[in-house]
Amino acid sequence: YFVRRNTHGSLPVYTDIRNGGTRYLVQIRNVEGQVQVLANELKASLFEPDSPAAARLGVRVHERRHIIITGGRWKVDVMAWLASKGF
C-alpha cells in the first residue's frame with residue numbers, strides 16, 4: 001500500500017463531523033495498493049492493544065480506496081502514525 005500526499009504536500013487525512021457534532025470520522029483518502037492491509041495495521045498498532053482508545057477504534061475500508069476511522073478525534077494520531085511509517 002502507498003498513501004500519496006496531496007497537491008499541497010500534506011497527508012490526505014481529513015475529518016468529517018456528522019449528526020450535529022456527535023459523530024466524528026477521520027478519513028484517509030486515495031490509498032493505493034492493498035488498502036485492507038493498511039487498515040489492519042492501523043487498527044493493530046495505532047494505540048496500545050489494551051487501552052480504552054483501542055477498544056473504541058473502528059476502522060473500515062470505503063470504496064476500495066479510502067479508510068474511515070470511527071470512535072474518536074484521532075486525526076493528529078493518524079497523521080503522526082502515517083508520518084512515522086514514512087509517508
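Which residue of β3 is the bridge partner of V13? In this predicted model, the partner is I28, and that residue offers a convenient way into the rest of the fold. I28 stands opposite I67 in β6. Leaving aside residues up to four places away in sequence, I28 touches V3, P12, V13, L42, R65, H66, I67, I69, V78 and L82.

The sheet comes next. Four strands make up an open sheet, arranged in the order β2-β3-β6-β5 with antiparallel pairing. The edges are held by β2 and β5 (58-62), each with a single partner strand, so one side of each has no neighbour in the sheet. From one strand to the next, the twist averages 25°. Six bridges connect the antiparallel strands β2 and β3, and Y14 is found opposite Q27 in β3. The hairpin of β2 and β3 has four residues between the strands, and N19 adopts a positive phi near 55° there. On to the next pairing: β3 and β6 are joined by three bridges, again in the antiparallel sense. Five of the six residues of β3 are buried, so this strand is largely enclosed by the rest of the structure.

Two helices can be described against this sheet. Helix α1 lies across β3, β5 and β6, and runs at about 170° to β5. Helix α3 packs on the sheet as well, where it touches β2, β3 and β6, and its direction makes about 160° with that of β2.

How does α3 divide into buried and exposed positions, and which residues of this helix are buried? In α3 (residues 75-84), the buried residues include V78, W81 and L82. Viewed down the helix axis, the buried residues of α3 fall within an arc of 95°, so they line one face of the helix. An α-helix has 3.6 residues a turn, so residues three or four places apart point the same way. The face turned away from the buried side of α3 carries V76 and S84, both exposed. The cover over the buried residues of α3 includes β1 (2-3), β2 (13-18), β3 (23-28), α1 (35-45) and β6 (66-70). After α3 comes G86, with a positive phi near 100°.

These elements meet again in the nonpolar interior. The largest nonpolar core has 24 residues, of which I28, I67, I69, V78 and L82 touch the most other members. At least two residues of this core come from each of β3, α1, α2 (52-56), β6 and α3. The largest share, four residues, is supplied by α1.

Charged side chains add a further set of links, with three salt bridges in the structure. One of them joins E32 to R4, whose closest N and O atoms are 3.1 Å apart. E32 belongs to strand β4 (residues 31-32) and R4 to the loop between β1 and β2, so the pair ties together parts that are 28 residues apart in sequence. E32 is partly exposed, at 29% relative accessible area, and R4 is partly exposed too, at 46%. D16 and R18 form a salt bridge with an N to O distance of 2.7 Å. Here D16 counts as buried, at 19% relative accessibility, whereas R18 is partly exposed at 40%. E41 pairs with K85, the closest N and O atoms being 3.8 Å apart. With E41 in helix α1 and K85 in the segment after α3, this salt bridge ties together parts that are 44 residues apart in sequence.

Terms used: Residues are numbered from 1 along each chain as its sequence is written. This is a predicted model: local features need pLDDT of at least 70, side-chain atom pairs count only at pLDDT 80 or more; totals for chains, interfaces and linings use all residues. Side-chain values use heavy atoms; hydrogens and water are left out. Buried means under 20% relative accessible area, exposed over 50%, partly exposed in between (1.4 Å probe, protein chains only). The arc is that of the directions from the helix axis to the C-beta atoms. Contact means heavy atoms within 4.5 Å. Two strands pair if DSSP finds at least two bridges between them. Axes are lines fitted to C-alpha atoms, for helices over the stretch in contact, and angles run from 0 to 180 degrees between N-to-C directions. A nonpolar core is a set of buried Ala, Val, Leu, Ile, Met, Phe, Trp, Tyr and Cys residues joined through side-chain atoms within 4.5 Å. A salt bridge is a side-chain nitrogen of Lys or Arg within 4 Å of a carboxyl oxygen of Asp or Glu.
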